[in-house]
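Subject: Structure handover

Hello,

Here is the structure for you to look at. My notes follow below it.

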Amino acid sequence: MAEQEPTAEQLQQYAAENEETGCPVNYKPPAMKSLKELQEMDQEDESLRKYKQALLGQVCVNADEKAPNVQVTKMKLLCDDAPQPLVLDLTGDLEKLKKQPFTLKEGVDYRVEITFKVNKEIVSGLKYCHQIYRKGVKVDKLDFMVGSYGPRAEEYTTVTSVEEAPKGMIARGCYTVKSKFTDDDKTDHLSWEWTLSIKKDWKD
């Protein structure tokens, strides 16, 4: 039996049910200092110097000055029920991602895992955001605070809180997801668009 397409009114109602009504956070990030400035501060305080070394680790700064400070390399949907890994390579042609939909069974719990690298300077207040659209109507969103990270040779990974896939006959279908990896300075480290297909079962 063909899936029932939702009406505009049903989409608006679904969006309203998912709208978060949290209070605004009055947070002002501190002035950014370079890695060199942080390392040179308070050199006379031995305990503080050791603390910063433990916090920053053995920093490996990327020698390529043209490389971006933050590189987002991979996105993965983590779902215990998924029959196979759901992975997007974010280092290639991002336009192709729109034609490679993720399929999720309706109602399952999932989380988003982002893999990224910091190359040169400490970055403050990294955040992963996405907005989900159905037929041009925004029906859901996610804002996840990742944190502050310093440069190193190895990649970092971060995992969002648990999300529930839409469920019900009206909810089944294709969704457009617009994702962004940003920070306190509102730097757009990477924006990408992908497709989420909600089905009654994994093999539908």
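One cut-off first: a residue counts as buried when its relative accessible area is under 20%. Keep in mind that the model is predicted.

E113 is where that cut-off matters. Is E113 buried or exposed? Its relative accessibility is 15%, so E113 counts as buried. The residue sits in strand β4. Leaving aside residues up to four places away in sequence, E113 touches K74, M75, K76 and L78. It also touches T157, T158 and V159.

Next, the strand pairing. β4 covers residues 109-118 and runs antiparallel to β1, residues 70-78. How many bridges join β1 to β4? There are 8. One pair to check on screen is Q71, whose bridge partner in β4 is K117.

β1 is also joined to β2, residues 86-89. That pairing is antiparallel too, with 4 bridges. Here M75 has L88 in β2 as its bridge partner. M75 is also among the residues that E113 touches.

Now confidence. Mean pLDDT for the chain is 82. Of its residues, 68% reach 70 or more. Where is confidence highest and where is it lowest? Strand β7, residues 156-159, is highest at 97. Helix α2, residues 35-40, is lowest, with a mean of 56. The E113 contacts T157, T158 and V159 fall within the residue range of β7.

One stretch to flag: residues 21-25. Their pLDDT stays under 50. The model gives them 0 contacts beyond four places in sequence.

Best wishes

Conventions
Residues are numbered from 1 along each chain as its sequence is written. This is a predicted model: local features need pLDDT of at least 70, side-chain atom pairs count only at pLDDT 80 or more; totals for chains, interfaces and linings use all residues. Side-chain values use heavy atoms; hydrogens and water are left out. Two strands pair if DSSP finds at least two bridges between them. Helices (H or I, at least four residues) and strands (E, at least two) are DSSP runs, numbered from the N terminus. Buried means under 20% relative accessible area, exposed over 50%, partly exposed in between (1.4 Å probe, protein chains only). Contact means heavy atoms within 4.5 Å. pLDDT is the predictor's confidence in each residue, from 0 to 100.
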